[in-house]
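User: I've got this model open and I'd like a close look at one buried strand and what surrounds it. Could you walk me through it in one go?

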Amino acid sequence: MPEPLRRIAVATHLADAPTSAALADLARVGAAHGLDLLMTADEAAKHPREAALGYATVADDELAAADLALVFGGDGTVLRSLGRLLGTGVPTLGVNFGHVGFLASLSPDDWQADLPPILAGDYATVDLLTVAAEINGDRHCGVNDVVLSRVAPRHVLHLEYEVSGVTIGRMLCDGLIVATPSGSTAYNLSCDGPIVVWDASVLVLNFIAPHSLAFRPLVLRPDLAITARNVSYAQEAEIMVDGASVGRMRGGDEVHIRAGDRGARLMLRS
């Protein structure tokens, strides 16, 4: 059985009544089980009253010393925690205070009963594949996806794409998605892409509104490098990693996308 967990970093999605109440409940659980409860400064600012209930405020780089990141929120909050802890080996456990909760293992009604066995070592972890984009020498790593999206609303992108140096074709589209297995249920899903199980070692290449009757999403090995080139006459493409803008592609620019070299770890009930 895995080692017991004692140093617990906490994150929430909003400073609203349900998550504030959950933090107060966690303080009581922490006192009963001898836990060290940690918050970053931004979390403490959202919940000043609850932060005074025994939570220690730590710097971001101190999160790497935690045993667990416990998230009260939806999939977006879990995703931000996974991204914040990339490469540290610290697992993230979600309590679903959102809408879908695909990445969350615990419910908002039962988490207090379910948490103590997990703290005692009754849990499992999944190492999630990540995805990285490189443009102009800068490298950006994400948990869900890399998305190229048109900037001007009334014009389409013209993208050329290749896999491991082999040109596959050109596509008129609104954008391109390269998703990890965990990201396959995000933007990729809304574009009719396949759902991939978490522990599959693959990337999904998909297009947003492709102007094609023949294109189907591609499922690729993680060691294969994907290159996308903007061959539009005047249209720019915005590059987003896990929803955050990291740059733009003008005509002739290209971005290289492959599996990330830093892993993310998700905790599940065993």
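Analyst:

**Strand 13 and its surroundings**

Let's start with strand 13 (residues 203-208), which is mostly covered: six of its six residues are buried. Keep in mind that this is a predicted model. In a regular strand, side chains alternate between the two faces of the sheet. Here, Leu203, Leu205 and Phe207 point one way from strand 13, while Val204, Asn206 and Ile208 point the other way, and all are buried.

Now for the strands that pair with strand 13. Strand 12 (residues 175-179) pairs with strand 13 in the antiparallel sense, over five bridges. If you want a register marker, Val178 has Leu205 in strand 13 as its bridge partner. Strand 14 (residues 218-220) also runs antiparallel to strand 13, and three bridges join them. Leu205 turns up again there, with Leu218 in strand 14 as its bridge partner.

Which residues touch the most other members of the largest nonpolar core? They are Leu148, Leu176, Val178, Leu205, Phe207, Val255 and Ile257, out of 29 residues in that core. The largest share of this core comes from strand 10, with four residues. Val178 is worth clicking on: leaving aside its neighbours within four places in sequence, it is in contact with Val131, Asn144, Asp145, Val146, Leu203, Val204, Leu205, Ile226 and Ile257. Another core, of 27 residues, lies apart from the largest one, and Val29, Leu37, Ala51 and Met267 are among its members.

Next, the aromatics. The structure holds five aromatic pairs. One of them joins Phe72 and Phe97: the ring centres are 5.8 Å apart and the planes sit at 80 degrees, so the pair is edge-to-face. Phe72 lies in strand 4 (residues 68-73) and Phe97 in the loop between strand 5 (92-96) and helix 5 (111-119), so this pair ties together parts that are 25 residues apart in sequence. Phe72 is buried, with a relative accessible area of 0%. Back on strand 13, Phe207 forms an edge-to-face pair with Phe215, at 4.9 Å centre to centre and 80 degrees between the planes. Phe207 counts as buried at 0% relative accessibility, and Phe215 counts as buried at 13%. As for Phe72 and Phe97, ring pairs link them with Trp111 into a cluster.

Strand 10 has already come up through the core, so have a look at the sheet that contains it. Six strands form an open sheet in the order 8-7-18-15-10-11, with antiparallel pairing. Its edge strands are strand 8 (138-142) and strand 11, each pairing on one side only. From one strand to the next, the twist averages 20 degrees. Seven bridges join strand 10 to strand 11, which run antiparallel. Within that pairing, His158 has Leu172 in strand 11 as its bridge partner.

Side-chain charges also link strands 10 and 11. Side chains of opposite charge can pair when their charged atoms come close. A search of the whole structure finds 15 salt bridges. In one of them, the side chains of Arg170 and Glu160 meet at 3.1 Å, N to O. Arg170 lies in strand 11 (residues 166-173) and Glu160 in strand 10 (residues 157-163), so the pair ties together parts that are ten residues apart in sequence. Glu160 is buried, with a relative accessible area of 14%.

Another salt bridge joins Glu254 and Arg229, with the closest N and O atoms 2.8 Å apart. This pair links distant parts of the chain: Glu254 is in strand 18 (residues 254-259) and Arg229 in strand 15 (residues 226-230), 25 residues apart. Glu254 is partly exposed, at a relative accessible area of 28%.

Then there's Glu236, whose salt bridge with Arg248 has its closest N and O atoms 3.2 Å apart. Glu236 sits in the loop between strand 15 and strand 16 (237-241) and Arg248 in strand 17 (residues 244-249), twelve residues apart. Both count as partly exposed, Glu236 at 21% relative accessibility and Arg248 at 44%. Finally, salt bridges that share partners join Glu160, Glu162, Arg170, Arg229 and Glu254 into one network.

Terms used:
Residues numbered from 1 in each chain as written. Predicted model: local features only at pLDDT ≥ 70, side-chain atom pairs only at ≥ 80, totals over all residues. Heavy atoms only, no water. Salt bridge = Lys/Arg side-chain N within 4 Å of Asp/Glu carboxyl O. Helix = DSSP H or I, 4+ residues; strand = E, 2+ residues; numbered from the N terminus. Buried < 20%, exposed > 50% of the residue type's maximum accessible area, 1.4 Å probe, protein only. Pairing = 2+ DSSP bridges. Axes fitted to C-alpha atoms, helices over the stretch in contact; angles between N-to-C directions. Phe/Tyr/Trp six-rings, centres within 6.5 Å; stacked < 30°, edge-to-face > 60°. Core = buried A, V, L, I, M, F, W, Y, C linked by side-chain atoms within 4.5 Å. Contact = heavy atoms within 4.5 Å.
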